[in-house]
Amino acid sequence: MKAAPFEYVKPATVDEALQALEDHLGMARVLAGGQSLLPMLGMRLMRPSALVDINGLAGELGRIEARGSETVVGALVRYATIESSPVVSERLPLLQHIVQYIGDRQVRNRGTIGGALAQADPTGEMALACLVLDATIVARTTQGERDIPAADFFAGSYASVLEPEELLVAVRFPLAPDHCRFFERGRKHNDFAVLSVAVAASRGAEGRWEGVRIGLGGVNDRPLLAEAAAAALEGRTWDDATIDAAAALAMEVVDAPDDVRAGAAYREHLVPIHVRRLLRELAQGEQR
Ligand SMILES: Cc1cc2nc3c(=O)[nH]c(=O)nc-3n(C[C@H](O)[C@H](O)[C@H](O)COP(=O)(O)OP(=O)(O)OC[C@H]3O[C@@H](n4cnc5c(N)ncnc54)[C@H](O)[C@@H]3O)c2cc1C
């Protein structure tokens with residue numbers, strides 16, 4: 001099937017893009033890497049009145065910048081750029097590691113961080129990384145800009161809190177925790193995840209863990225932080241009993257779907273196993 005007719009707009013500046021989104025009264029769609037949007041248009045799952053192609057805006061939206069302790073990644077930064085960026089390697093190793101699990105080389109050459117977040121796939125690796133790294137998503141309209149914590153950004157399956165006239169312009173990452181680990185179970189390498197888990201924390205005085213964050217993908221309608229599990233680990237040293245208790249608490253946010261990739265029971269079975277495994281790896285000092 002072919003896409004329904006739409007107007008094609010190629011703005012030369014971000015301001016022009018914002019104006020085009022406003023002019024189309026919420027009926028236009030932003031075209032970034034096209035890796036999710038174009039298949040959806042082809043299947044007529046979407047019939048936007050216009051596509052606002054932001055691929056000419058790399059000067060404004062395609063940069064990775066170190067600003068003090070913060071790292072700012074423009075919405076149009078492609079997965080492949082994240083994979084090879086020395087700034088990301090030094091400051092956000094989890095983000096760089098996680099990107100390797102997304103699609104194949106062709107997808108990573110085109111797909112963008114902004115597109116991945118706006119797509120809000122409940123199994124999306126980029127979404128999980130942004131949650132665990134406590135990122136802030138920056139959205140703009142002709143009226144101004146707002147900051148949305150990643151923890152408040154995902155509203156449901158393939159749904160975010162972005163308004164139709166809003167352009168996601170950047171993602172801001174604070175200083176990353178010292179230790180991060182990621183695990184993903186898929187049907188095959190680079191397929192969409194059945195379950196993904198990311199954990200992050202820093203080691204403070206007397207071996208106590210601080211800033212603990214545990215993110216789960218594929219086990220609810222959106223990627224989520226297992227907050228009760230993280231709270232049980234915060235400010236403490238970890239032994240097997242502490243880790244086992246946290247892994248059990250992680251189940252509090254699990255409401256796993258049954259879908260073509262896996263059954264709910266299988267996903268639920270995997271969660272405590274892999275949360276426990278990643279926490280043990282952190283406690284044993286393996287860094288990523
Ligand atoms: C074969 C294949 C395998 C894949 N495997 C994976 C995988 O393993 N894991 C995974 O997470 N994803 C996977 N994907 C999806 C891929 O990650 C997409 O690239 C991503 O979901 C969307 O990024 P994009 O830049 O291509 O956005 P587009 O497809 O251009 O846009 C996606 C959506 O986001 C909106 N949008 C884009 N940019 C902005 C912006 N700046 N502001 C506001 N709205 C915006 C669009 O309007 C559209 O609704 C796969 C895709 C393919 C084709």
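In this predicted model, the shell around the ligand consists, by class, of 14 nonpolar, 12 polar and four charged residues. The ligand is surrounded by 30 residues, the closest of which are Gly33, Gln35, Gly103, Gly111 and Gly115. Two or more residues of this shell are supplied by each of strand 2 (28-31), helix 7 (105-110), helix 8 (113-119), helix 9 (125-132) and strand 10 (167-173). Among these elements, helix 8 provides the largest share, amounting to five residues. The shell also extends over two domains, since at least three of its residues are drawn from domain 1 (7-53) and at least three from domain 2 (62-173).

The division of the protein chain gives three domains, namely domain 1 (7-53), domain 2 (62-173) and domain 3 (179-283). The centres of domain 1 and domain 2, taken over C-alpha atoms, are separated by 19 Å. Contact between these two domains involves 13 residues of domain 1 and 16 residues of domain 2. On the side of domain 1 that touches domain 2, helix 1 makes the greatest contribution, with six residues. The residues on this side of domain 1 comprise six nonpolar, six polar and one charged.

Helix 1 is also placed against a sheet. Residues 14-23 form this helix, which lies across strand 1, strand 2 and strand 3 and runs at about 170° to strand 3. The three strands make up an open sheet in the order 1-3-2, and their pairing is parallel. Strand 1 (7-9) and strand 2 occupy the edges; each has a single partner strand, and therefore one side of each remains without a neighbour in the sheet. From one strand to the next, the twist averages 25°.

The pairing within this sheet can be described in further detail for strand 2. Strand 2 is joined to strand 3 (residues 50-53) by four bridges in the parallel sense. At leucine 31, the bridge partner in strand 3 is aspartate 53. Strand 2 therefore has two roles in this description: an edge strand of the open sheet, with a single partner strand, and one of the elements that give two or more residues to the shell around the ligand. Helix 1 likewise appears in two settings, as the element that lies across strand 1, strand 2 and strand 3 and as the element that gives the most to the side of domain 1 that touches domain 2.

Terms used:
Residues are numbered from 1 along each chain as its sequence is written. This is a predicted model: local features need pLDDT of at least 70, side-chain atom pairs count only at pLDDT 80 or more; totals for chains, interfaces and linings use all residues. A residue is near a molecule or strand if its C-beta atom, placed from the backbone, lies within 6 Å of it. Ala, Val, Leu, Ile, Met, Phe, Trp, Tyr, Cys and Pro count as nonpolar, Asp, Glu, Lys and Arg as charged, and the others, Gly among them, as polar. Domain bounds come from an automatic or database domain assignment. Two strands pair if DSSP finds at least two bridges between them. Axes are lines fitted to C-alpha atoms, for helices over the stretch in contact, and angles run from 0 to 180 degrees between N-to-C directions. Two residues are in contact if their C-beta atoms, placed from the backbone, lie within 7 Å.
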